[in-house]
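Here's a quick briefing to read with the model open beside you. Have a look at the fold first, then work through the points below.

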Amino acid sequence: MVAGKKLSKLAKIGLSHNDRARAMAAKGMYREALSELKIALFSLRSENRDGSLNDDIAGVLNSIGSVNLLLKKYAEAAEAFGEATAIRRPMYNNPEVAGSLVGWSEACRCTCDFGRAAECLEEALQVAVALKNDRLAARVMDAMDVLERTRDN
């Protein structure tokens, strides 16, 4: 969330729906969580004239991607992760960029788009190496292993 800026009522509504969606998803209420996330996304996008809510929007998109993965809606998950990545890419040395890329890769793997999945993971690994983040690099390498095992089968 943007620090130091007074949020509009609509932006606050968006953030509260995002929080509610997280609680629902934690309880396994994925369809309900997805509905809340769509409200959050609409609210935040409506108030994002100056781009100050981009990080919040990317976070909601990432959550939409994650919930869609759980619902086995892989094309929708890929779309959401792709949008989150596009928003986060200008903040390149940010581990959240890699997180979006790993999610996007998982959605692509599930639709058998192995080439795109590999590209996402290669980019995520570059981010992890640039950040010297061993845990993130290990997470990406694990995802690469899963991708290769899936591709081989």
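What follows covers the overall fold, then the cysteines, the rings and a handful of individual residues.

Keep in mind that this is a predicted model. The protein chain is helical, with seven helices and zero strands. Its radius of gyration of 16 Å agrees with the value near 15 Å for a compact globule of 153 residues. There are zero disulfides, and a search of the whole structure turns up zero aromatic pairs.

**Overall fold**

- Going along the sequence, you get the pattern α-α-α-α-α-α-α.
- Along the principal axes, the C-alpha atoms take up a box of roughly 50 × 35 × 25 Å.
- Of the 153 residues in the protein chain, 43% count as buried.
- The exposed surface of the protein chain comes to about 8,300 Å², and carbon and sulfur atoms supply 53% of it.
- Take the contacts in the protein chain with a separation of 6 or more: 51% of them are between residues 24 or more positions apart.

**Cysteines**

- Why does Cys-112 form no disulfide? Its closest cysteine sulfur is in Cys-110, 8.4 Å away, and a disulfide needs the two sulfurs within 2.5 Å, so this pair is too far apart for a bond.
- Cys-112 is found in the loop between α5 and α6, and with a relative accessible area of 54% it is exposed, because the cut-off for exposed is over 50%.
- The backbone of Cys-112 is worth a glance too: phi is near 65°, a positive value in a residue other than glycine.
- Cys-120 has its closest cysteine sulfur in Cys-108, at 5.1 Å, which is also outside the 2.5 Å limit and therefore too far for a bond.
- Is Cys-120 buried or exposed? Its relative accessibility is 0%, so it counts as buried, the cut-off being under 20%.

**Rings and charge**

- Although the search for aromatic pairs comes back with zero, one ring does have a charge over it: the charged end of Arg-116 sits over the ring of Trp-104, 4.2 Å from the ring centre.

**Helix α2**

- Ser-43 belongs to helix α2, which spans residues 30–46.
- Ser-43 has a relative accessibility of 3% and so counts as buried.
- Which residues does Ser-43 touch once its neighbours within four places in sequence are set aside? Its contacts are Leu-10, Ile-13 and Gly-14.
- Ile-39 lies in helix α2 as well, and its relative accessibility of 38% makes it partly exposed, because it falls between the 20% and 50% cut-offs.
- Ile-13 comes up again here: its C-alpha atom is 8.6 Å from that of Ile-39, with the two positions 26 residues apart along the chain.

**Helices α5 and α6**

- Ala-98 sits in helix α5, residues 95–110, and is buried, with a relative accessible area of 0%.
- Neighbours within four places in sequence aside, Ala-98 is in contact with Ala-124, Val-127 and Leu-136.
- How far is Ala-98 from Ala-11 in space? The C-alpha to C-alpha distance is 26 Å, for two residues 87 apart in sequence.
- Glu-119 is in helix α6, residues 114–131, and is partly exposed, with a relative accessible area of 42%.
- The C-alpha atoms of Glu-119 and Leu-101 are separated by 9.0 Å, and the two residues are 18 apart along the chain.

**The loop between α6 and α7**

- Lys-132 is found in the loop between α6 and α7, the latter covering 134–152.
- Phi of Lys-132 is positive, at about 55°, although the residue is not a glycine.
- Lys-132 has a relative accessible area of 75%, so it is exposed by the over 50% cut-off.

Key:
Residues are numbered from 1 along each chain as its sequence is written. This is a predicted model: local features need pLDDT of at least 70, side-chain atom pairs count only at pLDDT 80 or more; totals for chains, interfaces and linings use all residues. Side-chain values use heavy atoms; hydrogens and water are left out. Buried means under 20% relative accessible area, exposed over 50%, partly exposed in between (1.4 Å probe, protein chains only). Rings of Phe, Tyr and Trp (its six-membered ring) pair if their centres lie within 6.5 Å; planes under 30 degrees apart count as stacked, over 60 as edge-to-face and the rest as tilted. A charge sits over a ring if NZ of Lys or CZ of Arg is within 6 Å of the ring centre and within 35 degrees of the ring normal. Helices (H or I, at least four residues) and strands (E, at least two) are DSSP runs, numbered from the N terminus. The radius of gyration is taken over C-alpha atoms; the globule rule is 2.2 Å times the number of residues to the power 0.38. Contact means heavy atoms within 4.5 Å. Accessible areas come from the Shrake-Rupley method with a 1.4 Å probe; for residues, only the protein chains shown count as cover.
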